[in-house]
Amino acid sequence: MKTELPENEAERLNALRRYEILDTPPEPAFDRIAEMAANFFHVPMAGVSLVDENRVWFKSRVGINVHQTARNAGLCSSAMLSQGVYHLSDAAHDQRALGHSFVADLGIRFYAAAPLRNHESLNLGTVWVLDQKPRELAPREEEMLRALAALAMNQMELRLYGERVARLERAERMSGEQLREANERLAQSEERFRDFFEEAPIAYVVGSEAGIIRSNRAAAQIFGVKPEEMAGFHWRSLFPDTPEAQSRLRKALRLVESETEACGAGLELRRKGDGRPLWIQWWSKRETGGKYARVMFFDITDRVLMEQQKARLEAQNVYLLDEIRSEQNFGDIIGGSSGLRKVMQQVQLVAPTDATVLITGGSGTGKELVARAIHEQSARRERPLIKLNCSAVPEGLFESEFFGHVKGAFTGALKDKPGRFELADSGTLFLDEIGEVPLAMEAKLLRVLQEQELERVGDTRTRKVNVRIIAASNRDLKKEVDEGRFRQDLFYRLSVFPIEVPPLRARREDIAPLVAHFIRQSARRMNRPEPQLSKTALDQLATYHWPGNVRELQNTVDRAIILWREGPLTFDLPASPAHQDTGSAKATGKATLVTRDELKRREREAIINALKQTDGKVSGPSGAAELLGMKPSTLASRISSLGINRRMLE
């Protein structure tokens, strides 16, 4: 079967060649991506492929011995051009698999792949998984494939930046040699080499604290100053007023003043006129008496900016890896109740817009899944969905988590770090438990939402961002506003389009399909056969009140699968749900009179009691997280932020 070529095939191939990755030896970073794909999907075959003129070449692979196939032999050429995840549930009954020899030779039944799409929206290859057994692909699995593809594409970008930085460093070493040679020649006789000085490709200035005395054309060009304006120009005006830039300047001046000859790298300036960033590497020689100094330098801006871009990609990689490795919340949006249908109708209405969405509902109802659904149906679906659980952030670190920081901004800030807003640029930022943001921080958050610009902690440079915000809370934020615990203007900014997710007890008809899904998911994850479910057990689940909602339901199924040995699956639930419902209702009625400090005190006591019951065990079966209906990572963060230690458990 012949695959149609895209209209931009020549442009696509040129972009692929620029990465200089074809026919390169195996690399651990790509091999780990293939291994993660195989492990997550529980399939025997997985890999990362790139498609050139006439073949599909495997950069990494698991379960396949060949290095490449003909371009039309497999499905990667078609999958590469899809807008989303391309998959076949059963290739034996799918017309798209006909005529592909690679599919027939390996006996492939299940195929799924996400395209590798670069920042120019050019498709270069795929991350794929194969199985010789037919199976369905869940929406959560589609999202995982897209995350793995984004990780592979980021790795290709990092590889490219690494090669470019190496080339620039080689060029800089050559320039340094030329610069030292020029310095020696100029020291012999400046008059003799006047023409050389003026036309030299390396910037050269003679100056003092008062300003520049003399310079050549290269210096004027780099500074963005007209040659005739260089004499007397005050060079300090080019240095940005940021703590880090001023610290570098002070360090350089101390070197120049204390040494007859000095050199340094990485001085940050701003070009005159357009204010663009400028980074230089420099050498200086102080004249006898120290009244002025000769300084030579060259522009290393391209290398520094590439290193910064590399750092940003690495930070995004860390986030993507954390997402891929993190414990899954619970299954996909499953059910057909009227309450759930209303939520999905609202998602379909708001997703194509860029409107800010506020999702409300109890803990464990699936607010994050609704946020994912909005992102996946929006025009930003090819960009990342970045998450931040505001309840897990220590109070003093909110600004750094939101907006990032520069090196030296505070104790422990050892390097520049982009915040979640920058990581989500052109994508979506999901702010879970938004009601936990301190009042003092809410004003800064509101400004960024309104202006779409921010400043990192310790920096004065303003950065523009283009981020869609989806917020979620299990609190009544309108009530929090009325009681002065949440800013009114921020509330209205967030609740442009509110969506309320109903609790599980209000959509009991969804329990049966959810239980069936969780049984399949848990059995596959634990590599166990799927047990049968009796009507008696299903009726038992349907009458329980589920205070922890869908999250509690999944934990209950997981626990039952772990304990199951044979026969129908059974569940261990509290015996008197009616009594507990009453207690829950009473607690809800009293909650209107509880202060925020009291809520935190109660939460602290509940966590300490749970830890005492489990002998300090946080995660795993019968751990405190399971008792409380929380994710282990969330519980660990709350233990830290509430200052709970082992002595309190004795």
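This is a guided tour of a predicted model, moving from the whole chain to a helix, two open sheets and a buried strand.

**Whole chain**

Start with everything displayed. The chain has 650 residues, of which 50% count as buried. Its secondary structure comprises 23 helices and 20 strands. The exposed area is about 31,700 Å², and carbon and sulfur atoms supply 50% of it. Among contacts with a separation of 6 or more, 67% are between residues 24 or more positions apart.

**Helix H1**

Select residues 9-18, which form helix H1. Show the side chains of Glu9, Arg12, Leu13, Ala15 and Leu16, which are buried. These residues cover an arc of only 160 degrees around the axis, so they lie on the same side of H1. What covers them? The cover includes strand E1, helix H3 (76-80) and strand E6. Then move just past the end of H1 to glutamate 20, where phi is positive, at about 50 degrees.

**The six-stranded sheet**

E1 and E6 also belong to the next stop, an open sheet of 6 strands in the order E3-E2-E1-E6-E5-E4. The pairing is antiparallel. Colour strand E3 (68-70) and strand E4 (86-88) to mark the edges. Each has a single partner strand, so one side of each is left without a neighbour in the sheet. On average, neighbouring strands here are turned by 25 degrees against each other, direction ignored.

Now select residues 45-51 (E1) together with residues 123-131 (E6). These two strands are antiparallel and pair over 6 bridges. To see one such pair, pick alanine 46 and its bridge partner in E6, valine 129.

Add residues 28-41, helix H2, which packs on this sheet. H2 touches E1, strand E2 (55-62) and E6, and its direction makes about 75 degrees with that of E2.

**The five-stranded sheet**

Move further along the chain to an open sheet of 5 strands, also with antiparallel pairing, in the order E8-E7-E11-E10-E9. Which strands are at its edges? They are strand E8 (211-215) and strand E9 (261-270), each pairing on one side only. Neighbouring strands in this sheet are turned by 35 degrees against each other on average, direction ignored.

Select E9 with strand E10 (residues 277-286): the two run antiparallel and are joined by 9 bridges. Within this pair, glutamate 268 stands opposite tryptophan 279 in E10.

Next, show residues 243-258, helix H8, packed on the sheet. H8 touches E9, E10 and strand E11 (293-299). The angle between the directions of H8 and E9 is about 155 degrees.

**Strand E19**

For the last stop, select residues 468-473, strand E19. Is this strand buried or exposed? Of its 6 residues, 6 are buried, so E19 is largely enclosed by the rest of the structure. Show the side chains to check both faces: Arg468, Ile470 and Ala472 are buried on one side, and Ile469, Ala471 and Ser473 are buried on the other.

Then add the strands that pair with E19. Strand E12 (residues 357-360) runs parallel to E19 and is joined to it by 4 bridges. In this pairing, leucine 358 has alanine 471 as its bridge partner. Strand E16 (residues 428-432) is also parallel to E19, again with 4 bridges. Here, pick leucine 429, which stands opposite isoleucine 469 in E19.

Terms used. Residues numbered from 1 in each chain as written. Predicted model: local features only at pLDDT ≥ 70, side-chain atom pairs only at ≥ 80, totals over all residues. Heavy atoms only, no water. Pairing = 2+ DSSP bridges. Axes fitted to C-alpha atoms, helices over the stretch in contact; angles between N-to-C directions. Contact = heavy atoms within 4.5 Å. Buried < 20%, exposed > 50% of the residue type's maximum accessible area, 1.4 Å probe, protein only. Areas by Shrake-Rupley, 256 points an atom, 1.4 Å probe, with all protein chains shown as cover. Arc of directions from axis to C-beta.
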